[in-house]
Structure formats: structure tokens, C-alpha cells
Amino acid sequence: MKSLYLLLSACFCVFSASPLSAQSNTLINGNFKNATFNEFVAAVEEQTPYRFFYKTIWTDSLLVNVESQNKKLSELLDTILAGTDFNHAIDEAYGVYVTKGRKILTQLPPGFFEENTGTTRATQTFDYSDYERKEKQKKIAEAKLYNIGARSSNLQGNATLAGNIRHATSGEPVIGAVVFVENPTIGISTDQFGYYALTLPKGRHEIKIKSVGMKATQRLIMLYADGKLDVEMDEDVTPLKEVVVESDQDMRVSGVQMGLEKLDIKTMKQIPLALGETDIMKVVLTLPGVQSVGEGTVGLNIRGGATNQNLILFNDAVVYNPSHLFGFFSTFNPDVLKNVELYKSGIGAEYGGRLSAVLDVHSREGNTKKFSGSGGISPITGRLTVEGPIIKDKTSFIIGVRSTYSDLLLNQLNSKELKNSSASFYDLTAQLTHKINDNNSLYLSAYSSSDKFRLNSDTLYSYSDQNASLKWKHIFSNKVYGVLTGGFSKYSYRISSNEFPVNAFTMDFKIQQLNAKADISYFPNSKHTINAGLSTIRYALAPGHLKPEGTESLITDDAIANEQGLESAVYISDNYELSAKVSLYGGVRFSLYQCFGPREIYQYPSGVPREVNNIVDTLSYKTGKPIANYNGLEPRFSVRYLVSKNASVKFSYNRMRQYIQMLSNTTAITPTDIWKLSDSYVKPQTGDQFSFGFYKNLKGGLIEMSLETYYKTMQNTIDYKGGATLLLNHYIETDILDATGKAYGIEWMIKKSAGKLNGWISYTYSRSFLKTKSDFSSETVNGGEYYPSNFDKPHALNFIGNYKFSRRFNFSLNFIYNSGRPITLPIARYDVAGSRRVLYSERNQYRIPEYIRTDISINIEGNHKIRKLAHSSWTIAVYNLFGRANAYSVFFVTEGSSIKGYKLSIFARPIPTLTYNFKF
Amino acid sequence: MQMRSLSFHHCVSFALLLIAAACVEPYNAPVISEDKNYLVVDGFLNSTDRTVSVAISRTSPLYSENTPRPELKALVTLEDEEGNSNTLEEKGSGSYTHTNISVDIQKKYRIHIRTVSREEYFSEYVSIKITPAIDSVSWLPAEDGLRFYVDTHDPTGTTRYYKWDITETYEYTAAFASIIKLVNGQVSTRFESEYIHKCWKTTVGSNILVGTSAKLSEDVISRFQVNYVARGSSKLSRRYSLMVKQQALTEEAYNYWLQLEQTTESLGGLFDPMPTQVTGNFYSATDPTQPVLGFFSGGTIQEKRIFVDFYDLPDHLMIPTRSLCEIDTILVNEIGTYTNATLLIAAYGVPRTLGYLTADPYCIDCRIQGGTLTKPSFWD
């Protein structure tokens with residue numbers, strides 16, 4: 001039996017080897033012992049028709065030790081050249097080419113003459129299905145050899161390949177796709193425009209492209225000189241049994257960036273949420289190191305920083321208030337979003353202006369190929385998004401609107417409390433993309449939102465956020481491209497009341513910023529990526545204007561003086577691959593700020609507390625006259641050391657400066673908080689963060705583990721005197737205090753990003769403290785000692801799990817545990833003026849009970865036929881499944897003669913929601 | 001303008017209703033065992049009747065039900081800026097007063113306390129604020145009750161900060177009028193002087209009511225709500241009276257009361273200002289780090305009283321008080337087994353008495369609901 005097997009396989013050998021071995025004299029006989037390569041060549045050429053082409057200088061040190069009995073030349077050469085960087089190729093005319101480093105292809109690749117045969121293919125009657133056609137196109141594209149640059153024989157040196165990675169069906173850029181070659185290992189990920197630039201040795205390469213949720217693809221190129229290669233990627237329409245959610249797995253270990261969390265909208269949509277809508281802010285809250293003071297608030301506290309210390313960017317425009325309906329919704333319409341990047345440490349030099357973190361939110365670009373739309377209906381909101389090309393493959397738009405029918409709902413609830421209440425919001429997001437030519441693109445993005453509410457009173461609150469940005473991207477050459485951005489952001493609110501004509505008023509607040517920046521990216525070679533740029537922001541603030549309303553009103557017109565400021569910055573950074581193991585990032589940002597008139601500044605003498613009674617003088621500054629100047633260097637540095645292929649350690653340091661701050665002495669941010677520019681009294685905040693991390697991938701990147709620690713110090717942050725008045729206060733500097741802060745923590749996360757079961761578990765231990773420093777006891781909090789900040793929650797455990805039973809049925813589970821936030825509790829009671837009062841402890845000396853919540857959601861998709869009129873899905877979610885009454889706040893009131901403590905919980909019982917989503 | 005209207009604590013209740021899933025539960029804070037023993041001083045110099053009164057006590061543990069511990073045997077003096085002083089007389093239970101002081105409204109005064117343990121406390125010097133007269137106390141019907149407002153103004157424009165204290169007095173009756181009484185087993189007529197049917201009850205408002213016209217062009221307080229009475233309340237069943245006392249405040253005093261109100265009366269939502277230690281204008285000279293609670297101020301008091309009769313109410317508020325009282329009967333031959341504690345309403349049976357009507361004492365004796373049978377002097 002065994003012999004028969006051998007015989008058969010021998011026969012196969014003969015047949016399969018037939019093209020070259022038809023002539024028996026191509027087999028070689030001979031014994032070579034310490035022979036030179038030249039001697040070997042001479043012997044072979046004598047026995048066979050083979051003729052060798054090689055450089056004798058290269059091979060003079062190569063010794064040949066083989067024994068051959070009717071062996072094929074290719075086998076022999078494989079043995080001889082094994083362990084060297086020589087390659088061999090044999091063509092049909094018996095030419096043998098020995099090359100160093102690169103192999104020569106002796107045949108034209110399949111598809112080389114594709115362009116000429118295109119017409120004949122079009123007449124094929126075979127009807128491929130959409131999927132099959134795409135697969136075939138992909139195969140053709142992958143097999144084809146693309147010649148980059150003018151053909152030349154000079155293959156010395158490097159050349160740069162650049163281009164855009166786009167979505168094959170919608171034409172959207174693919175952000176964060178990894179473009180790499182394996183030998184030598186050179187890779188880069190695409191930027192926010194889907195652009196990449198890769199410097200490689202000239203010659204033949206296999207370029208691989210991978211991205212989250214997209215089918216990995218590759219291109220064969222012959223790189224002669226600098227050139228372009230645009231690649232379209234297909235969405236990963238996974239077969240029924242296989243579920244793959246890929247992420248930037250390699251970047252986590254091998255990238256120099258640390259403290260970065262990237263989430264794309266697909267991941268976010270799987271997470272169960274209250275109120276039936278995907279909310280990026282709530283998803284971000286499940287990441288390690290991110291906390292908020294309570295449920296239903298949008299403010300994020302990242303690594304012990306205050307909510308206003310986060311730079312929230314929407315398509316490069318600053319967002320001042322990211323919340324709707326008191327924070328139950330975030331302002332970002334999920335249908336328009338593409339992804340969000342959260343930088344917690346190692347913040348690049350291109351970002352500045354906030355102390356703590358950067359939340360960079362990008363919207364999608366409209367489909368450049370065809371019109372489509374999507375939408376959703378949930379119990380509280382409805383939303384619709386439409387997108388499509390204006391000029392096919394050149395200009396596209398996307399526009400999304402979202403609104404609430406909560407007013408309708410309120411009217412249905414037959415409650416006397418709500419008789420006089422109303423609440424509504426809408427927002428509109430639009431983006432226009434225009435590709436002028438290969439080297440120039442324009443991006444116009446706009447956002448507008450409005451909120452109105454009235455709470456059982458005649459006082460109407462309304463606020464609106466507007467921003468717009470225009471970007472022009474110009475590619476100078478394969479190695480250099482630049483982006484010019486102009487932007488505008490405005491946040492304003494109004495409080496008005498007309499309950500009593502005598503007291504009828506309106507109160508307005510407005511902050512506005514105009515900004516411009518120029519960024520340039522330069523890829524000099526495969527080792528360096530250099531970014532540089534300059535930016536300027538002009539702030540204009542109207543911090544409060546109280547006006548009478550109606551003729552009977554006795555309210556005096558009272559306006560807090562406007563504030564003006566100019567913040568400019570210049571930066572340069574270099575990402576440098578020092579060796580295969582060590583990668584460095586170094587950057588420096590220099591920011592300068594000026595606050596200028598017209599404004600009046602009160603002068604307080606030194607040596608006494610800063611109080612209204614102590615004002616000695618008032619200085620009047622004319623328009624444009626500088627009031628205060630500040631500037632400073634902001635160094636940024638990161639290093640990565642690859643311990644093994646799957647593990648790395650990283651260290652980073654960054655300093656940040658902040659010239660604009662939000663003033664809020666409530667626990668959570670409210671729409672009526674005011675912003676304040678740095679001036680003579682409010683010094684710019686500075687923060688330093690040291691961060692150290694260890695990253696490991698297991699099972700080929702299927703499981704990612706990370707452990708990061710950080711230590712952070714903050715100077716000149718804001719604290720408040722007890723009972724400070726912030727609204728309409730002409731002497732605001734007397735109510736705010738100069739504080740220093742420190743925060744430290746350790747974050748551990750394990751993430752499985754693929755498979756039927758995917759998700760993450762994270763645990764964070766973190767602390768955050770503040771300290772006020774002053775010579776006067778009236779200007780200190782808790783006697784000038786460090787005390788826990790409002791968001792100091794030491795333990796946080798998150799579990800986000802997702803299980804796909806089938807392609808159409810998906811189950812998700814969240815589990816959240818947090819320590820309670822610090823509060824100030826009453827410690828004694830006393831009687832004054834005939835009633836019982838309480839005395840509070842020093843600030844934040846106690847905690848509310850811990851927070852525990854479990855949510856589930858089930859997502860049911862319609863059938864997965866690719867061609868149908870509309871795709872729809874249903875999401876059934878239960879928020880707070882066990883109905884645990886988590887404390888939102890604890891408060892004490894005097895009731896008659898006794899003191900009663902109460903615990904307020906919102907979402908104190910399970911909240912089921914049903915959402916219908918559609919896509920056409 | 002009421003600055004309170006700019007506060008944000010309704011949000012939580014709104015969210016609560018929007019989601020219809022929120023709840024408020026009693027909460028027992030972790031046991032706070034430390035017994036802080038801080039001094040609490042409440043002082044007022046009344047320039048109209050030229051008296052100064054100071055009440056001194058100590059703080060108590062949070063959940064203590066005992067009355068505050070008074071500070072006894074302290075030496076309390078009223079001092080002016082020129083060093084003149086008057087020593088106050090101790091009236092017992094921590095109360096100290098002095099009458100017939102010559103008050104110069106141009107001067108500033110302070111309180112100086114020396115406790116038995118030789119600790120020295122001072123208040124800041126305060127100026128005397130003259131309070132303008134109350135223009136009117138008025139009421140307006142709302143859907144579910146009555147709202148009471150105060151209006152005042154100061155033509156000189158110097159007052160700006162106001163505090164009000166309210167005292168409610170109302171007449172009410174028990175459910176059943178008793179015209180007979182049971183004394184030692186004998187039933188006899190209850191004379192009018194012995195009636196226990198109609199009572200008057202007085203309660204002092206415990207909420208802090210402060211307002212300011214600082215943001216107005218004129219020193220006018222228009223329709224500041226000082227009280228609210230829900231419809232159907234027994235307060236409105238016959239006749240209701242509200243006494244409003246108005247006191248002008250300095251800006252510091254206003255801020256003190258406002259903060260005290262915000263930290264002890266507001267709802268405690270995330271959108272409320274964080275609670276803080278509210279101290280007043282006293283400080284300890286012995287240990288400056290030790291908080292001293294309470295406030296000393298000086299000035300005059302203005303007051304105004306209004307009455308609301310049941311028949312003045314609009315129709316939708318004119319609803320009689322609901323009573324759950326039921327009448328029981330006692331037969332004549334059984335009356336001997338009842339004690340004096342049994343209250344009888346009247347006899348039944350004509351011409352011969354068969355028995356007596358009775359009910360729970362709560363339904364017969366109005367005093368059980370907290371009032372007194374003595375008609376206040378101002379009631380007409």
C-alpha cells in the first residue's frame with residue numbers, strides 16, 4: 001500500500017514538473033565541495049542549456065557544498081542560496097538570474113493586459129452577483145502589478161508612495177487603515193482624510209492594507225519613483241458564521257502613541273444605552289480613565305481633570321456644550337458620526353488649549369457613489385440622515401437632523417408639575433466634500449443645535465451651539481501635504497422670564513471663537529514623520545447681559561464687560577523609528593496668549609484678601625490694548641520599546657496650557673455655566689502628565705491587554721469660595737480661587753476585539769485632588785490642604801460584552817461599578833432664627849454610595865440580502881436591568897424641627913426602550 | 001428679581017418626570033460620631049425699641065433630637081466702634097438681652113462674648129439698617145392654593161436687601177361642637193366659656209426668605225412670594241391671617257442668609273451649588289480656625305398683617321376641610337362606665353334622652369390639633 005502511494009506521488013511529480021523537465025538534460029549531476037559559485041555555474045552550464053546572469057563581485061565569497069543526483073536546478077539553487085539574501089529566477093528560455101535582495105519575476109503578472117481586454121469583458125454575458133463581481137475585481141486588483149513612477153532601470157534609493165484609501169461603495173475615506181509592507185517592516189496608518197504616505201526602497205513590494213470592519217486587501221507595486229496609489233476597500237460583509245471585528249490591534253502595541261482610545265460607530269452601536277440612542281459620550285464613559293459625576297450628565301472627567309479641561313472637537317471645530325436635555329443626550333448625531341478618538345496622554349503637539357484630554361470626533365463624508373439615507377425612531381427622539389453625490393466621485397454631501405418629541409410626551413403626562421414645563425431640542429449636522437483634483441480637496445462641515453426648556457415656572461432657558469469649519473487639503477508632493485483650516489464656534493444661552501412684568505428680564509451669555517490653522521505633514525523617509533503647523537484663535541466673550549423685558553420692567557440693564565483674547569501657537573513634532581524596537585516621538589508647542597481691552601480691571605492691594613471692599617483702583621484699557629500676556633513651551637515626548645513582536649512598553653510626557661476655563665460651582669456642568677478667559681487674575685492653567693504603559697497582544701492580536709499608569713499635576717486650576725456667585729458677578733475674581741491639582745491612577749484593560757464573543761473589561765484605580773493656596777483663610781478650602789475633587793472615584797470596573805448568536809441576532813451586556821463620588825455632608829445641627837440648620841463638613845470629606853448598573857440589549861437585524869429597498873433593525877434595550885436605585889445625589893433638608901437625609905436616584909428602575917433604525 | 005429663579009435645581013425633578021423612573025428615598029448618612037461643639041450665636045439689635053437680644057447655644061450631633069445646649073454664664077457685651085459697651089443680662093437658657101440702649105444709627109456695633117471657659121468671640125461691626133415700610137401683603141389664588149406676596153419699596157434706594165419672617169395664625173374648628181360634658185359620670189351642659197370647638201393656631205415660618213432689588217433700577221420688591229397654602233388646608237377653613245415682618249439687611253447679611261438657605265433648603269441635585277460650611281459674621285479670637293455660626297445684625301423691623309376669610313376665596317378654593325370623623329353613641333344607662341376623658345357632643349332622643357353622641361376626642365377638642373382656645377388679641 002505504501003509503495004503504491006510513493007509510486008503515485010512520483011508520477012504526479014513527473015507530470016507536474018513537465019514544462020521544465022521535459023528535457024532530461026536540465027537535471028544536474030555532480031558533487032560540489034567548497035566550490036566557488038563560479039565553478040558551480042560553469043559545471044551547470046556545461047551539463048544543461050541553462051545560462052546564468054549574475055554579478056561575480058557579489059558571489060565571490062559564496063561557497064557551494066552540494067551533492068546532486070539528477071536534481072533540478074531550482075532545488076539546488078534553493079539549497080545553495082539558503083541563508084543568503086540572494087534570489088534566483090529561471091525563465092522559460094533557460095536564463096538563470098541571481099539577484100541580491102530582490103527576486104526577478106520572469107512572467108508578466110496576470111491582468112497585465114487588463115486595460116486592453118476591458119472591452120471584451122464588458123460583453124461577457126455571465127452575470128456576476130454584486131458580491132462575486134466585487135470579489136473578482138478585488139482579486140484582479142490584488143494580482144495586478146501597479147507600476148509607480150516612470151519606468152527606469154535605476155532602482156537605487158527610496159521613493160515615496162502616497163494616496164487615499166477609500167470605501168469602495170460610499171467613496172468615504174477610510175481613517176486609521178494600516179498600510180504596510182512586511183519586508184522590510186514599514187507601515188503607516190491613514191490620517192483623517194484617509195491619506196497615507198509610505199517611503200520604501202525602490203522596487204517590487206506587496207503593499208498590505210488593513211482596517212477595522214473592512215476586508216484586508218493588498219496591492220503589488222513596482223516602485224520606480226514617487227507616485228500615487230489610491231485603493232478602494234470593501235466593507236467586510238462577513239459570511240453568516242464568521243464574525244470578525246478587527247481593530248487597530250497592531251497600533252496598540254507597535255504605535256508610539258499611548259493613552260489613545262479609538263472607537264468607531266459600529267462598536268458604539270452595539271453598546272446598550274438608555275433612551276434608545278447611541279451616544280458617543282456615554283460609550284466613552286465606559287473606557288478606563290473616563291468618569292462623570294453622575295448619570296445623565298455629559299461632562300467627562302478624564303484622568304482626574306475637570307470637565308472643561310477636555311478639548312472636544314467636531315471636525316476640527318471646538319464644541320463648548322456637548323449636551324442636550326441637561327445631559328441626557330449628547331450633541332452628536334450617531335448616524336452622521338464616523339469615529340471618535342480620545343487622547344488621554346501622550347497628546348500630540350498639534351493639539352493644545354486644554355489641560356486634560358482631547359476628544360476628536362469626526363463625521364462621515366457623504367457617499368460619493370449613490371444616494372442613501374438612514375434614520376431611527378426611539379421613544380424620545382427621531383432622526384434622519386441623507387447623503388449622496390453632487391458630482392459623482394468628486395463632490396458629496398451628508399446631512400443629518402435630529403429632534404425630540406419630548407414636548408409631546410410631556411403633554412401626555414398628566415402631572416401638575418409638568419403643566420408649565422416644556423423641553424425640546426434639535427440639531428443639524430452637514431458636511432460637504434469636494435475633490436478638486438488629485439492634489440486638492442475641500443471639506444466644509446457645519447453644525448447647529450438649539451435647546452429650549454421651561455421647568456414648572458415661567459422662566460425659559462434656551463441655548464444653542466453652532467460651529468463650522470472649512471478645510472483645504474493640498475498635496476504638495478508625495479512627501480508633503482498641508483491642510484489649511486478655518487473655523488468658527490459659537491455657544492450662547494438665554495434665560496428669560498416674564499412672570500411678573502416688573503421683574504421681566506432676559507439674561508444672555510455668548511462665547512464665540514474664530515480660528516485658523518495651517519498644518520503640514522512631511523514624510524522625508526521611512527523613519528521620520530514630521531508634522532508642523534501654526535494656529536490662532538480669536539475669542540470673544542459676552543459673560544452675561546441682563547436686560548429688562550417689556551416697558552413695565554424695572555430690571556436695570558446690567559452687562560458684565562466683554563472679554564477678548566487671542567491664543568496663538570506654533571508646533572513641530574517628529575515621529576522617529578530609531579530601530580525596529582525603539583520608536584520615538586518628540587514635539588514642542590509654543591503657545592502665546594493675550595487678553596486685551598476694552599475692559600476695566602479692578603486693582604486689589606497685595607497683602608490683603610482679594611475682596612470687593614479692598615478695591616483700590618480701576619484700570620481702564622482701551623480697545624486692543626493688552627491687559628495680560630502669557631506664553632509658554634509645551635513639550636511632548638513619547639517613546640516605545642518593543643519587548644517582543646507582541647509586547648511593548650511605552651512612556652510619555654506632555655505639558656499642556658489652557659487659556660479659557662469654564663466656571664461652575666455646581667457638581668455637574670449645566671447649560672448656564674459661564675466661560676472665562678485668562679486675565680490678570682485668572683492665570684492660564686498648566687498641566688504635566690507622566691504616563692507609563694505596558695501592552696501585550698495574545699493569540700495573534702485577538703486579545704489585547706494594556707496597563708497604563710499616570711501621574712499628573714495641574715497648576716492654576718480654578719476653585720471656588722464656598723457659596724460663590726458666578727453669574728452676573730462684576731467681581732468674579734473675588735469668588736474664584738487659584739488651586740493646584742494632582743491626579744494619579746492605574747488603568748488595566750483586556751479587550752477581545754474579534755470572535756463571536758467580544759468586548760472589554762477594564763479596571764481603574766485613580767485619585768484626584770485639589771489644593772488651594774493662599775495666605776488668607778478666606779481664600780482657602782479645607783484649610784489649604786489637598787482634598788478630593790468632585791469626581792474622585794477611586795475604583796471603576798467596566799465590563800462591555802457582546803455576543804453574536806447569528807448574523808441577525810446580537811446580544812450585549814454592560815456591567816458598571818464605580819465608587820461613589822465625594823460629597824460634603826452635614827456633621828452637626830444647630831438652631832438659628834427659630835429653625836433647625838445643619839453645619840456641613842469640610843469640602844468633599846464623604847462619599848455617596850457606590851454605583852452599580854447592568855444593562856442589556858438585543859439587536860435584531862432584518863435579512864442580509866445586499867440588494868433590497870431598505871435595511872432595518874430593531875434594538876430592544878433594558879437600562880439598569882436590576883432597577884438598582886443608584887444614588888445620584890444625597891441631600892439634607894430641614895423638615896419642621898428635624899433634619900432628614902434623602903437619596904435621589906434617577907433611572908431607579910429598569911428602563912426598557914425599543915428603537916427602530918432604518919437605512920436606504 | 002429673585003436670583004433663585006436662575007438656579008437649576010428643577011432639572012432633576014424634570015428629568016425625574018421625563019423618565020418617570022426616578023425616586024427619592026430616605027438616606028441615612030454614615031454615622032457621624034464626632035460631636036462638634038461649635039458656638040452658635042443669633043443676635044439682633046433693634047433700634048426701634050432699643051433692645052439687643054442674643055441667643056447663644058452649641059451645635060448638636062446631626063440626628064440628636066434634644067434641644068440645643070444653651071451657653072450659660074457667658075459675659076456678653078454690645079460694643080460700638082468708639083469702645084462704649086453695654087453688658088447684656090442673662091435671661092436663662094442661653095438668652096441674653098439689654099433694653100433701653102441709646103442706639104446711634106450712624107454708629108457700627110458688635111457683640112463680644114466671653115464664655116465661662118474663657119474663650120473670646122466677636123462679631124464683625126455691623127451698621128444699623130433702617131427698614132422701609134411694607135407696601136402691601138397680598139394673596140393671589142393659584143390653581144391649587146393661595147400664594148402670598150409682599151411688596152415694598154425704598155424711595156431712597158438704599159435698602160436693596162430684604163429678609164422676611166412670617167407668622168401664620170388661623171381659626172379652625174373641630175369636626176363636632178360639644179355642648180355637653182361628662183364629669184364624674186354626670187352629664188351637664190357645657191357653657192360657652194367651656195367650648196372646645198373653635199381654636200386659633202399660630203405657627204412661625206421656618207424657611208429663610210430673602211430678596212434683593214440689587215439688579216433693579218429702583219429699590220422695589222414686587223410680588224415676592226412669602227408663603228403658599230394648599231387648597232383644602234384647614235388653615236383656610238374659616239379665617240386665616242398672615243403676619244409678615246420685614247427687615248432690611250446689609251449685603252453681607254443677605255449673602256449669609258442666602259447661602260444658609262441654599263445649603264439647607266434646596267434639593268441637592270447635581271445642578272445645585274455644592275453645599276459649604278456657612279458661617280456668619282462671628283469669629284473666635286481664641287482659635288481663629290474654629291468656625292462660629294450665626295449672625296449679628298442691627299436695624300428696625302416693619303410688619304404687616306392680612307386676613308383671608310373662607311368666603312373671600314374663589315370658588316375653586318372654597319372647599320370645606322375633609323374630615324374622617326365618625327359619630328358613635330352611648331346609651332344613657334351605660335354612661336356611668338365612661339370616664340371624664342370621654343367627650344360628648346350632644347344628647348339624642350326627644351322628649352326623653354336615649355343616649356349621647358360621642359366621637360374620637362380629636363374630632364371634638366380642637367386643641368388636639370395644636371391650637372389654643374384663646375382668641376388672639378388682633379383677631380376681630
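Biologist: Which residue follows H5(A), and what is the sign of its phi?

Modeller: That residue is Gly83(A), and its phi is positive, near 85°. Before we go on, some ground rules. The model is predicted: local features need pLDDT of at least 70, side-chain atom pairs count only at pLDDT 80 or more, and totals for chains, interfaces and linings use all residues. Residues are numbered from 1 along each chain as its sequence is written, chains are lettered from A and ligands numbered from 1 in the order in which they are written, and side-chain values use heavy atoms, leaving out hydrogens and water.

Biologist: What makes a stretch a helix or a strand?

Modeller: Both are DSSP runs numbered from the N terminus: a helix is H or I over at least four residues, a strand is E over at least two. By that rule, chain A has 11 helices and 57 strands.

Biologist: Which residues of H5(A) are called buried?

Modeller: They are Leu73(A), Leu76(A), Leu77(A), Ile80(A) and Leu81(A). The word buried means under 20% relative accessible area, exposed means over 50%, and partly exposed lies in between (1.4 Å probe, protein chains only).

Biologist: Why do you say that they line one face of the helix?

Modeller: Looking down the axis of H5(A), its buried residues fall within an arc of 115°, so they line one face. The arc is taken from the directions that run from the helix axis to the C-beta atoms. An α-helix has 3.6 residues a turn, so residues three or four places apart point the same way.

Biologist: Which elements does that buried side of H5(A) pack against?

Modeller: The partners are E1, H3, E2, E3, strand E4 (86-90) and E5 of chain A. Packing here rests on contact, that is, heavy atoms within 4.5 Å.

Biologist: What about H3(A): which of its residues are buried?

Modeller: In helix H3 (residues 37-47) of chain A, they are Phe37(A), Phe40(A), Val41(A) and Val44(A). Their arc is 100° seen down the axis of H3(A), so these residues also line one face of their helix. Among the elements they pack against are helix H5 (73-81) and strand E1 (27-36) of chain A.

Biologist: Is Asn917(A) buried or exposed?

Modeller: Its relative accessibility is 19%, so Asn917(A) counts as buried. You will find Asn917(A) in strand E57 (residues 911-919) of chain A.

Biologist: What makes its link to Arg383(A) a polar contact?

Modeller: The two side chains come to 2.8 Å. A polar contact is a pair of N or O atoms within 3.5 Å; within protein, one must be able to donate a hydrogen and the other to accept it, and residues adjacent in sequence count only if both atoms are side-chain atoms. The distance of 2.8 Å therefore fits the cut-off.

Biologist: Why is the pair Lys369(A) and Asp393(A) called a salt bridge?

Modeller: The term needs a side-chain nitrogen of Lys or Arg within 4 Å of a carboxyl oxygen of Asp or Glu, and this pair has 3.7 Å from N to O, so it qualifies. The two residues are 24 residues apart and link distant parts of the chain. Lys369(A) is partly exposed at 22%, and Asp393(A) is partly exposed at 42%.

Biologist: What separates Asp365(B) from Arg367(B), and what is the accessibility of each?

Modeller: Their side chains meet in a salt bridge of 3.1 Å, N to O. Asp365(B), at 10%, counts as buried, whereas Arg367(B), at 41%, counts as partly exposed. Over all chains, the structure holds 43 salt bridges.

Biologist: Which residues make the nonpolar surface patch?

Modeller: Tyr641(A), Val643(A), Phe694(A), Leu707(A), Ile746(A), Trp748(A), Ile761(A) and Leu797(A) make a patch of about 610 Å². Patch residues have over 30% relative accessible area and no salt bridge; nonpolar side chains (Val, Leu, Ile, Met, Phe, Trp, Tyr) are joined within 5 Å, and like charges within 9 Å. Areas come from the Shrake-Rupley method with a 1.4 Å probe, and for residues only the protein chains shown count as cover.

Biologist: How do you know that Trp748(A) passes the area cut-off?

Modeller: Trp748(A) has a relative accessible area of 33%, so it clears the 30% limit and is classed as partly exposed. Trp748(A) is found in strand E44 of chain A.
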